[in-house]
Amino acid sequence: VRPTCIGHVQRGGSPSMMDRMLAAQFGNKAVRLLKDGIGNRVVGIRDNKIIEMDIIEAVSMKKQFNYELYETLQMISM
């Protein structure tokens with residue numbers, strides 16, 4: 001199982017303008033890659049920039065769990 005951040009769905013509520021803009025940017029990048037004949041890529045965001053990378057590299061990446069953020073969110077949600 002691999003967790004996925006789904007933006008507004010995960011947070012709850014309607015999508016914000018930022019959610020819509022990000023989705024449009026991801027879609028635009030993906031379509032441009034396909035138009036250029038480039039496949040086996042994933043589109044994401046890093047340092048507030050739209051990036052693309054090899055799909056094998058992407059799925060093999062390990063993501064660090066941010067325990068400090070988790071504890072902070074636990075405290076403010078009580």
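This is a short spoken walk through one predicted protein model.

Okay, hi everyone. Please keep in mind that what you see is a predicted model, so let me start with confidence. The average pLDDT over the chain is 87, and 83% of the residues reach at least 70. Where is confidence lowest, and where is it highest? The low end is helix H1, residues 8-11, with a mean of 60, while strand E2 has the highest value, 96. As a general point, predicted coordinates should not be read in detail where pLDDT is low. I'll leave H1 alone after this.

Now the overall layout. We have four helices and two strands. Starting at the N terminus, the order is α-α-β-β-α-α. The chain has 78 residues, and 6% of them count as buried. The accessible surface is about 7,200 Å², with 58% of that belonging to carbon and sulfur atoms. And if you take the contacts between residues at least 6 apart in sequence, 13% of them join residues at least 24 apart.

Let's go to helix H2, residues 17-35. How far should its 19 residues span at 1.5 Å a residue? The expected figure is 27 Å, because the span is 1.5 Å times one less than the number of residues. The end C-alpha atoms of H2 are indeed 27 Å apart, so the two agree. One residue to pick out in H2 is Ala30. Ala30 is partly exposed, at 28% relative accessibility. Its C-alpha atom is 9.8 Å from that of Gly44, and those two residues are 14 apart along the chain.

After H2 comes Gly37, with a positive phi near 80°. Further on, in the loop between H2 and E1, we meet Asn40. Asn40 also has a positive phi, near 55°, and here the residue is not a glycine. Is Asn40 buried or exposed? Exposed, since its relative accessibility is 61% and the cut-off for exposed is over 50%.

On to the strands. E1 covers residues 41-46 and E2 covers residues 49-54, and they pair in the antiparallel sense over six bridges. If you want to trace the pairing yourselves, Val43 has Glu52 as its bridge partner in E2, and Ile45 stands opposite Ile50. Two residues sit between the strands in this hairpin. Asp47 is in that loop between E1 and E2. Which sign does the phi of Asp47 have? It's positive, near 55°, and again this is a residue other than glycine. Asp47 is exposed as well, with a relative accessible area of 69%.

Next stop is helix H3, residues 55-60, where we find Ile55. Which residues does Ile55 touch, if we skip its neighbours within four places in sequence? The answer is Asn40, Arg41 and Val42. So Asn40, the loop residue with the positive phi, turns up again here as a contact of Ile55. Take Arg41 from that list: Ile55 and Arg41 are 14 residues apart in sequence, yet their C-alpha atoms are 4.9 Å apart in space. As for the surface, Ile55 is partly exposed, with a relative accessible area of 33%.

Last topic: the aromatics. How many aromatic pairs does a search of the whole structure find? Two. In general, a pair of aromatic rings is described by the distance of the centres and the angle of the planes. For Phe65 and Tyr67, the centres are 4.7 Å apart and the planes are at 70°, so this pair is edge-to-face. For Phe65 and Tyr70, the centres are 5.6 Å apart and the planes are at 55°, so that pair is tilted. Why edge-to-face in one case and tilted in the other? Because planes over 60 degrees apart count as edge-to-face, and 30 to 60 leaves you with tilted.

Ring pairs link Phe65, Tyr67 and Tyr70 into a cluster, with Phe65 taking part in both the pair with Tyr67 and the pair with Tyr70. How much of each residue is accessible? Phe65 is partly exposed at 48%, Tyr67 is exposed at 56%, and Tyr70 is partly exposed at 42%.

That's the tour, thanks for listening!

Methods: Residues numbered from 1 in each chain as written. Predicted model: local features only at pLDDT ≥ 70, side-chain atom pairs only at ≥ 80, totals over all residues. Heavy atoms only, no water. Buried < 20%, exposed > 50% of the residue type's maximum accessible area, 1.4 Å probe, protein only. Contact = heavy atoms within 4.5 Å. Pairing = 2+ DSSP bridges. Phe/Tyr/Trp six-rings, centres within 6.5 Å; stacked < 30°, edge-to-face > 60°. pLDDT = per-residue confidence, 0-100. Areas by Shrake-Rupley, 256 points an atom, 1.4 Å probe, with all protein chains shown as cover.
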